[in-house]
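Here are my notes for a colleague who is meeting this structure for the first time. Please read them with the model open beside you.

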Amino acid sequence: MSVGLIWAQSTNGVLGSNGTIPWYLPEDLSRFRQKTAGAAVIMGRRTWDSLPARFRPLPGRRNIVLTRQDDWRAEGAEVADSLAAALAVVPSGPRWVIGGGEIYRVAIEWATQVHVTHVAGTFHGDAHAPSLDTGWQLTDVEPSTGWLNSSTGLRYRYCEYTRT
Ligand SMILES: CCc1nc(N)nc(N)c1OCCCOc1ncccc1N1CCC(C(F)(F)F)CC1
């Protein structure tokens, strides 16, 4: 029942603040788009609400939204009331959990890969990335040393972790 998690976090582990991402990193948007293209994406209802309207639903992907509201509906979204239910509706093929903090904390138990965009800097926020325990191996860092420079002046790098 393997699933991948993908997120962008600051040095102090912030993912989001009040339903938004507290930085603008166009390179990460491209990376996210490329990594999840054609896959099923699983997200919490708050993350769905946070998507800019033109990206809701995320184009070219099955969008599965987790909510406990049994009457919740949205154009372009498939609804599930648990992660297990979400994974059951996409029995095969790549599945990416794309947020938010609450969902990552549940999904990390099922995950076999985590792709993190690390944004250099300290940001205020109310959603935090889960910590990766010792079972996770860092299998790819780009660049191998140092940081990439965004057109926005932010420094960032990509880390990929796997767990057997
Ligand atoms: C990108 C942000 C992001 N980064 C990584 N590495 N992992 C994620 N889990 C993630 O959060 C995806 C859901 C939230 O997404 C957005 N939140 C605010 C503004 C824009 C977006 N994006 C822009 C790109 C768009 C495209 F369809 F092009 F992919 C999807 C919506």
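**Notes on the predicted model**

1. **The main core.** This is a predicted model. Its largest nonpolar core holds 26 residues. Leu5, Trp7, Ile42, Val97 and Val114 make the most contacts inside this core. Several elements each supply at least two of the core's residues. The strands among them are E1 (3–10), E3 (40–44), E4 (62–66), E7 (111–119) and E11 (155–162). Helices H3 (83–89) and H4 (101–107) do the same.

2. **A second core.** Another core lies apart from the largest one. This other core has 12 residues. Ala39, Trp72, Ala77 and Ile98 are among them.

3. **Ile42 and its contacts.** Which residues does Ile42 contact, leaving aside its neighbours within four places in sequence? Ile64 and Leu66 are on the list. So are Leu83, Ala86 and Leu87. The list also includes Arg95, Trp96, Val97, Ile98 and Gly99. Two of the residues just named have places elsewhere in these notes: Val97 has many contacts inside the largest core, and Ile98 belongs to the other one.

4. **Strand E4 and its partners.** E4 is mostly covered, with four of its five residues buried. E3 and E4 run parallel and are joined by five bridges. Gly44 stands opposite Leu66 of E4. Between these two strands the chain passes through helix H2 (residues 45–50). That β-α-β crossover is right-handed. E4 also runs parallel to strand E5 (residues 77–80), with four bridges between them. Here Asn63 has Ala77 of E5 as its bridge partner. Ala77 is also one of the residues of the 12-residue core.

5. **Thr67, after E4.** Thr67 sits in the loop between E4 and E5. Is Thr67 buried or exposed? Its relative accessible area is 9%, which is under the 20% cut-off, so Thr67 counts as buried. A polar atom of the Thr67 side chain lies 3.0 Å from the backbone nitrogen of Gln69. Not counting residues up to four places away in sequence, Thr67 touches Arg45, Trp72, Val79, Ala80 and Asp81.

6. **The ligand site.** How many residues surround the ligand? There are 17. The closest are Ile6, Asp28, Phe32, Leu58 and Ile98. Three polar approaches involve nitrogen atoms of the ligand. An N or O atom in the Asp28 side chain is 2.7 Å from a ligand nitrogen. A polar backbone atom of Ile98 is 2.9 Å from a ligand nitrogen. A polar side-chain atom of Tyr104 is 3.2 Å from a ligand nitrogen. Ile98 therefore deserves a second look on screen: this residue is named both in the 12-residue core and among the closest to the ligand.7. **Two cis peptide bonds.** The bond from Arg56 to Pro57 is cis, with omega near 5°. Pro57 is in the loop between H2 and E4. The bond from Gly99 to Gly100 is also cis, with omega near -5°. Gly100 is in the loop between strand E6 (95–99) and H4.

8. **Asn18.** Asn18 is not a glycine, yet its phi is positive, at about 55°. Where is Asn18 placed? It is in the loop between strand E2 (14–16) and helix H1 (26–36). Asn18 is exposed because its relative accessible area, 66%, is over 50%.

9. **Pro59.** Like Pro57, Pro59 is in the loop between H2 and E4. Pro59 has a relative accessible area of 43%, so it counts as partly exposed. Pro59 and Gly121 are 62 residues apart in sequence. In space they are 30 Å apart, C-alpha to C-alpha.

10. **Ile103.** Ile103 is in helix H4. Its relative accessible area is 15%, so Ile103 is buried. Not counting residues up to four places away in sequence, Ile103 touches Met43, Gly44, Leu66 and Val97. Gly44 and Leu66 are the pair that stand opposite each other in point 4. Ile103 and Gly76 are 27 residues apart in sequence and 20 Å apart in space, C-alpha to C-alpha.

Notes:
Residues are numbered from 1 along each chain as its sequence is written. This is a predicted model: local features need pLDDT of at least 70, side-chain atom pairs count only at pLDDT 80 or more; totals for chains, interfaces and linings use all residues. Side-chain values use heavy atoms; hydrogens and water are left out. A nonpolar core is a set of buried Ala, Val, Leu, Ile, Met, Phe, Trp, Tyr and Cys residues joined through side-chain atoms within 4.5 Å. Buried means under 20% relative accessible area, exposed over 50%, partly exposed in between (1.4 Å probe, protein chains only). Contact means heavy atoms within 4.5 Å. Two strands pair if DSSP finds at least two bridges between them. A crossover is right-handed if, with the strands pointing away from the viewer, the path from the first strand over the helix to the second runs clockwise. A polar contact is a pair of N or O atoms within 3.5 Å; within protein, one must be able to donate a hydrogen and the other to accept it, and residues adjacent in sequence count only if both atoms are side-chain atoms. A residue is near a molecule or strand if one of its heavy atoms lies within 4 Å of it.
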